[in-house]
Amino acid sequence: MGFMEGFVDGFVRAFNEERNDGRIEQLCAALGWAIDERDGDTVGLNFKCPVRGRRTVYINSGDEALVFFFAPSAMILSQHSEHVNFIAGYALFSNANTRLGKWQASFNKRDDIVLSLTYTALGEGLNAAALKYICSTMSAEASNFDARMKERGIR
């Protein structure tokens with residue numbers, strides 16, 4: 001390796017170390033995707049959504065052995081909503097039919113119910129094609145769920 005090649009190679013390595021590109025960042029770069037949100041070790045990728053315009057799929061712990069994906073529903077419900085039982089039943093029933101991930105409920109800071117489609121992948125097996133499939137499938141599943149709720153008049 002000549003002086004110039006060594007210099008360029010060293011510069012590129014230093015630049016990549018400074019940016020601290022992890023697994024998800026590298027896979028997104030390979031797909032030509034931008035990271036749309038970042039909070040600690042969680043990144044968000046935005047996708048088009050027919051129900052709300054934009055659907056974000058979040059990825060947590062992208063450099064770990066287990067990588068967590070979640071796509072929140074557009075619906076945030078009061079615990080006292082008349083629709084809670086229907087939505088909970090629909091989400092549980094949907095779990096049997098989703099291609100990827102399972103619906104789960106959690107509470108936000110105001111104690112409202114938030115539904116999210118969640119999935120856990122093995123980090124070692126994650127490649128660009130798998131990331132694309134996981135994110136696009138979860139985005140579509142969450143959008144379909146929200147569309148069904150909207151059809152029923154639940155927003």
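The predictor's confidence in each residue is expressed as pLDDT, on a scale from 0 to 100, and contact is taken as heavy atoms within 4.5 Å. Over residues 11-19 pLDDT stays under 50, and the model has 1 contact beyond four places in sequence for this stretch. The model is predicted, with local features needing pLDDT of at least 70 and side-chain atom pairs counting only at pLDDT 80 or more, while totals for chains, interfaces and linings use all residues. Residues are numbered from 1 along each chain as its sequence is written, and side-chain values use heavy atoms, leaving out hydrogens and water.

For the protein chain the mean pLDDT is 86, and 86% of its residues reach 70 or more. Helices (H or I, at least four residues) and strands (E, at least two) are DSSP runs, numbered from the N terminus; the extremes among these elements are tabulated below.

| Element | Mean pLDDT |
|---|---|
| α1 (residues 3-19) | 48, the lowest |
| α2 | 96, the highest |

In α2 (23-31), Arg23, Ile24, Glu25, Leu27 and Cys28 are buried, that is, under 20% relative accessible area with a 1.4 Å probe and protein chains only. Their cover includes β1 (37-39), β2, β3, β4 and α4, and the helix α2 is followed by Gly32, whose phi is positive, near 75°.

The largest nonpolar core (buried Ala, Val, Leu, Ile, Met, Phe, Trp, Tyr and Cys residues joined through side-chain atoms within 4.5 Å) has 32 residues, and Ile59 and Phe69 have the most contacts inside it. Among the elements that each supply at least two of its residues are α2, β3 (53-60) and β4 (66-77), whereas α4 gives the most, with 8 residues. Leaving aside neighbours within four places in sequence, Phe69 has contacts that include Ile59, Leu117, Leu131 and Met138.

Methods
Buried < 20%, exposed > 50% of the residue type's maximum accessible area, 1.4 Å probe, protein only.
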